[in-house]
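Hi,

Here is the structure I promised to pass on. Have a look at it first, and then read my notes below.

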Amino acid sequence: MTFIFDNSYARDLPGFYVDWRASAAPAPRLLRLNRGLAEELGLDPDLLAREGAGIFSGNALPEGAHPLAQAYAGHQFGGFSPQLGDGRALLIGEVTDRNGRRRDIQLKGSGRTPFSRGADGKAALGPVLREYLIGEAMHALGIPTTRALAAVTTGETILRQEGELPGAVLTRVAASHIRVGTFQFFAARGDEAKVRQLTAYAIARHYPELAAAPEQPLAFFEAVVEAQAALVARWMLVGFIHGVMNTDNMAISGETIDYGPCAFMEAYDPATVYSSIDLQGRYAYGNQPLVLGWNLARLAEALLPLLDPDPQRAVTKATEVLETVGARYRRHWLAGMRAKLGLAGEEPGDGTLAEDLLAAMQAQGADWTLTFRRLSDAVADAGMLRPLFRDASALDAWLPRWRARLAPDAAERMAAANPLYIPRNHKVEQALAAALAGDMGPFDTLLEVLADPFTERPGLEAHALPAPADFGSRYRTFCGT
Ligand code: AMP
Ligand code: MG
């Protein structure tokens with residue numbers, strides 16, 4: 001017995017998915033297994049190491065699995081697609097982990113489904129390893145995220161813009177794969193009963209504390225607003241750019257989901273965009289908090305009929321909650337900033353203090369991650385910090401204001417709030433290029449570095465550095481679809 005499945009989505013939500021099977025992988029090979037996560041899920045890593053190629057490619061269906069493709073819709077770059085759904089993914093089932101939490105096990109890249117819309121249903125090795133790496137890095141940073149359980153190569157060659165690429169399947173683990181777009185799918189069809197059913201399911205699964213709430217759908221909406229506001233604040237604090245914040249890529253659980261052209265910002269600039277398909281910069285770093293609100297308004301629209309029988313009152317209720325998005329986001333961001341800056345207590349000027357540092361960083365091209373990390377050294381001496389700024393005069397004017405606000409044990413607390421190692425774009429690309437050439441060494445090293453992002457270790461100096469200047473300015477990420 002490998003998995004002890006309890007498939008609530010399949011059981012409770014008929015009509016929300018299509019039963020489906022993975023396409024056969026001609027020569028599956030288990031490339032990487034996340035043994036720590038396997039153990040957390042109550043699985044036997046040794047057994048999975050032996051049988052993983054079959055299971056994680058979709059060739060072998062473990063006992064108790066119920067593979068299905070979930071239906072969802074979504075606003076993609078502002079335009080509504082009423083039918084997206086799992087076009088290349090299959091939920092194979094749910095398990096309860098060692099902490100009693102229900103987790104989805106999903107294969108991504110396992111072949112065409114009824115939702116594939118003309119695409120091949122496959123995933124290429126590069127993007128699979130990218131999602132593996134960045135998801136694990138986010139987890140180590142303490143940010144809610146789906147995680148990678150395994151990566152297999154299928155033995156198949158798939159065709160992408162770049163040419164022929166090795167096919168792969170990522171097995172990922174999520175609190176659930178319910179998205180804003182899942183609600184939109186049924187709302188767009190006028191199926192209020194299913195929106196209601198999905199809401200009840202999502203409450204039971206993700207927000208059980210709302211079971212006794214007087215206005216459950218409204219309380220649910222508010223809980224999702226809070227979870228997603230907290231999440232986006234966490235992204236902003238580490239310089240993470242999701243890259244495709246479409247409503248189908250926003251999880252109701254508040255986890256980060258669907259790592260595509262995401263990347264970490266280096267020099268601080270709110271306009272930073274890496275995704276090659278984001279031509280207008282809709283999902284630029286600095287736009288993410290606004291997109292958060294926009295996406296939540298789409299969720300509100302889907303929930304409207306549940307909020308009040310009177311349409312006008314329903315809109316009023318939704319609007320009241322939507323108007324709190326900015327303040328909620330700001331509260332999470334500011335709390336995180338206080339920790340990053342090592343401030344004592346809370347003072348009204350803290351937001352301005354943070355923003356003034358950001359202004360100096362932006363004007364002087366300072367690296368986001370290193371500036372905050374070196375700030376903890378600057379409690380005593382700004383010698384390591386100043387060279388990160390082209391011109392340090394604004395920084396020098398700011399430092400005394402900041403020092404006057406420091407908590408007694410600031411340096412120590414700041415080191416725990418400011419990572420030194422993030423997935424630097426050039427390091428990620430190096431690791432993926434080596435993996436494609438058959439050398440998993442750099443991938444494994446990077447994974448290990450990123451598993452402990454807050455502890456400075458000798459020998460890892462290169463992992464803390466920004467990309468060489470020419471790399472950074474040209475860097476573009478791809479969806480890989
Ligand atoms: P994504 O941009 O990866 O979040 O995907 C958006 C939509 O496109 C989802 O419905 C995916 O299932 C679908 N999709 C992405 N890549 C593929 C592919 N290679 N084959 C089929 N469907 C895909
Ligand atoms: Mg997606």
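One cut-off before the rest: I call a residue buried when its relative accessible area is under 20%, exposed when it is over 50%, and partly exposed in between. By that rule Asp308, at 8% relative accessibility, counts as buried. Keep in mind that this is a predicted model.

Asp308 has a charged partner, too: its side chain meets that of Arg313 in a salt bridge, 3.4 Å from N to O. Arg313 has a relative accessible area of 48%, so this partner is partly exposed.

That pair belongs to a longer list, since a search of the whole structure turns up 42 salt bridges. Take Arg101 and Glu40, whose closest N and O atoms are 3.6 Å apart. Arg101 sits in the loop between strand E6 (89-96) and strand E7 (102-108), while Glu40 belongs to helix H2 (residues 35-40), so the bridge ties together parts that are 61 residues apart in sequence. Both ends are partly exposed: Arg101 has 43% relative accessibility, and Glu40 has a relative accessible area of 21%.

Arg374 and Asp377 make a more local pair, as both lie in helix H12 (residues 368-377), three residues apart, or about one turn of the helix. Their side chains form a salt bridge at 3.5 Å, N to O. Arg374 is buried at 12% relative accessible area, whereas Asp377, at 33%, is partly exposed. There is also a network to look at: salt bridges with shared partners link Asp6, Arg11, Asp12, Glu94, Arg102, Asp104 and Arg205.

Now for the metal. Which residues coordinate the magnesium ion (ligand 2)? Asn249 does so through OD1 and Asp258 through OD, at 1.9 to 2.1 Å. Both of these residues are buried.

Last, have a look at helix H8 (residues 288-307). Its 20 residues reach 27 Å from the first C-alpha to the last, close to the 28 Å expected at 1.5 Å a residue. Where does H8 bend? At Glu301, by about 40°, with a proline, Pro305, following within four residues. Of the 20 residues of H8, 14 are buried, so the helix is largely enclosed by the rest of the structure.

Write back once you've had a chance to go through it.

Cheers

How values were computed. Residues numbered from 1 in each chain as written. Chains lettered and ligands numbered in written order. Predicted model: local features only at pLDDT ≥ 70, side-chain atom pairs only at ≥ 80, totals over all residues. Heavy atoms only, no water. Donors = N, O, S within 2.8 Å, 3.2 Å for Na, K, Ca; no water. Buried < 20%, exposed > 50% of the residue type's maximum accessible area, 1.4 Å probe, protein only. Helix = DSSP H or I, 4+ residues; strand = E, 2+ residues; numbered from the N terminus. Expected span 1.5 Å × (residues − 1). Bend = angle between axes of the 7 residues up to and from the residue. Salt bridge = Lys/Arg side-chain N within 4 Å of Asp/Glu carboxyl O.
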